[in-house]
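I opened this entry to look up a few local features. My list: unusual backbone angles, aromatic pairs, charges over rings, and one sheet.

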Amino acid sequence: MSADFASWGRIDPRLRASISVDAYEEARLTAGRDAFLPFGNGRSYGDSCHNDQGRLIDVRPRSRILSFDAGTGILRCEAGVTLRQVLERAVPHRFFLPVTPGTAFVTVGGALANDVHGKNHHSRGTFGRHVLSFTLLRSEGESLSCSRQHNADLFRATIGGMGLTGLIGEVELRLMKVPSPHVQQHAIRFDRLDDYFRMIDRIDGEHEYSVAWIDQLAAGRAAGRGILLAGDHADGACEFPDVPKGLRLAVPFRPPVSLLNRLTLKAFNLAYFRKEKPGETVSTVKWPGYFYPLDAVRDWNRLYGPRGLYQHQSVYPQAQAPEITARLMETARRAGHGSFLTVLKRFGDEPAQGLLSFARPGFTLTLDFPNQGEATLRLLDRLDEIVMAAGGAVNPYKDARMRPDVFAASFPDWRQLEALRDPALVSDFWRRTALHLRH
Ligand SMILES: Cc1cc2nc3c(=O)[nH]c(=O)nc-3n(C[C@H](O)[C@H](O)[C@H](O)COP(=O)(O)OP(=O)(O)OC[C@H]3O[C@@H](n4cnc5c(N)ncnc54)[C@H](O)[C@@H]3O)c2cc1C
């Protein structure tokens, strides 16, 4: 079966061969090496969710919530359940995901396999920390039950293991009790990056959530201005409905060119910055708007045009963060590249849950660029160099092009994952980084 299993960057959106979970369960014992890769919902940006020399295992139809205990908040579900489904089930009982990325259209299996992080990494670590157990089907044997007590090596390797250790079947998660799913938001406008760095330790100490948007195209005196959005769950008296029925907009066509060029981005950034009053504004925000603002516009990635987009997410040590953050943004600006969504966040000191988890202590900057071919690739290499010289790392599940040496320096434990990899599974990302290094 062939279908469009594009990843979110849409750099190479061709038809891809796939197989159902049922068919994979039959085929796996006689499968050759490197023949398959599990596919969640394609919200990874590059080729870590593709295996173009093999077939993708389409996990999405496996999407049943198996049980939910409204007393303890423990939920069991199949790996193809989306975070949106989890929330629809749990929110009326005043439970919320303890960690969520910036879109709810991610599967539980995909969130586990990339050990994703959210706006509260400084208070709750990554997704994997809240996973109690899961089943893992290896191609050469039976389904294994994995937890911190049983098959602990595979448990640790699968969290953040990018789908390479086996097919995750069912997952048991502990959700977080909240007084309300909605959020009391503190929007704090800052005129300079220094102002952000001066307040962030205090803000993170005071609030469950915090993330900053930065106007990457602003130069001169305005360079580094932005808005810090901190927040906490509102109290139980909040009157919004538990699951608001929001209007979902869509990009209804595929524009022939990117609509996100330097000019439109400059105008958008200025308008977004000015939307907030100077100083701090406190308001109560519905949870879909606080956690998932981009989910309100379906297929927004199409705005980048037929050549797609690259995302660059890096993490670097706290001591050098003010300088490195400014350099990364200025390097992109000087290269003539504007980033639509520039997001800065401090990761907490929580030790990594998985063998190859990306989140680690330091600051993380995320930049999105329309694909302009060679010029963009050169810029991304330059950004890697800045990050690596500071002892940082580049995110593999946002990546479609990092060099093998950048990967190895970012994830020195990659050989341990290679040793535990299911022989039938591989990704295009793993082929061009780890397997390239091994040969
Ligand atoms: C708008 C947007 C915002 C985002 N914000 C964040 C953020 O704030 N923080 C963050 O960390 N990430 C963020 N991401 C990235 C996203 O959360 C991750 O890439 C996530 O892992 C995608 O999950 P998916 O279900 O779409 O899986 P896919 O992208 O299809 O696959 C992800 C990986 O999981 C593996 N996999 C999927 N299902 C299984 C299974 N059943 N068994 C074994 N392996 C499996 C795949 O092989 C692949 O390696 C964002 C992405 C978008 C588009």
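Entry 1, backbone. I note at the outset that the model is predicted. I started with Asp115. Is Asp115 buried or exposed? Its relative accessible area is 1%, and the limit for buried is under 20%, so I logged Asp115 as buried. I then placed Asp115 in the chain: it sits in the loop that runs between helix H3 (108–113) and helix H4 (121–124). Its phi caught my eye. The value is near 40 degrees, which is positive, and the residue is not a glycine.

I looked up Asp34 next. Asp34 also has a positive phi, about 55 degrees, without being a glycine. I found Asp34 in the loop between helix H1 (21–27) and E3. At a relative accessible area of 17%, Asp34 falls under the 20% limit and therefore counts as buried.

Entry 2, aromatic pairs. How many aromatic pairs does the count give? I got 24. I took two of them for a look at geometry.

The pair Phe5 and Phe39 came up with ring centres 5.0 Å apart. Their planes stand at 85 degrees, over the 60 needed, so I logged the pair as edge-to-face. This pair links distant parts of the chain, with the two positions 34 residues apart. Phe5 is in the loop between strand E1 (2–4) and strand E2 (15–20), while Phe39 belongs to strand E3 (residues 36–39). I checked burial as well: Phe5 and Phe39 are both buried.

Then I took Tyr209 and Phe291. Their ring centres are 5.0 Å apart and the planes make 80 degrees, so this pair is edge-to-face too. Here the partners are 82 residues apart in the chain. Tyr209 is in strand E13 (residues 209–214), and Phe291 is in helix H8 (residues 287–291). I read a relative accessible area of 2% for Tyr209, which makes it buried. Phe291 is buried as well, at 2% relative accessibility.

I followed this pair outwards. Which residues form one aromatic cluster with Tyr209 and Phe291? The others are Phe96, Trp287, Tyr290 and Tyr292.

Entry 3, charges over rings. I found Lys119 over the face of Tyr290, at 5.4 Å from the ring centre. Tyr290 is one of the cluster residues I had just listed. I also found Lys286 over the face of Phe240, where the distance to the ring centre is 5.1 Å.

Entry 4, an annotated stretch. I checked the UniProt record, an unreviewed entry. It lists residues 11–178 as "domain: FAD-binding PCMH-type". Over that stretch I noted 19% helix and 28% strand. The C-alpha atoms at its ends are 39 Å apart.

Entry 5, the sheet. I traced an open sheet of 5 strands, in the order E5-E6-E10-E8-E9, with antiparallel pairing. Which strands stand at the edges? They are strand E5 (65–68) and strand E9 (143–147). Each has a single partner strand, so one side of each lacks a neighbour in the sheet. I noted an average twist of 15 degrees from one strand to the next.

I looked at one pairing in detail. Strand E8 (residues 131–137) and E9 are antiparallel over 5 bridges. Leu136 has Leu144 in E9 as its bridge partner.

Last, I looked for a helix on this sheet. Helix H2 (residues 83–90) packs there and touches E5 and strand E6 (74–78). I logged about 35 degrees between the directions of H2 and E5.

Definitions and conventions: Residues numbered from 1 in each chain as written. Predicted model: local features only at pLDDT ≥ 70, side-chain atom pairs only at ≥ 80, totals over all residues. Heavy atoms only, no water. Phe/Tyr/Trp six-rings, centres within 6.5 Å; stacked < 30°, edge-to-face > 60°. Helix = DSSP H or I, 4+ residues; strand = E, 2+ residues; numbered from the N terminus. Buried < 20%, exposed > 50% of the residue type's maximum accessible area, 1.4 Å probe, protein only. Lys NZ or Arg CZ within 6 Å of the ring centre and 35° of its normal. UniProt positions renumbered as here; feature names shortened; annotations may be inferred. Pairing = 2+ DSSP bridges. Axes fitted to C-alpha atoms, helices over the stretch in contact; angles between N-to-C directions. Contact = heavy atoms within 4.5 Å.
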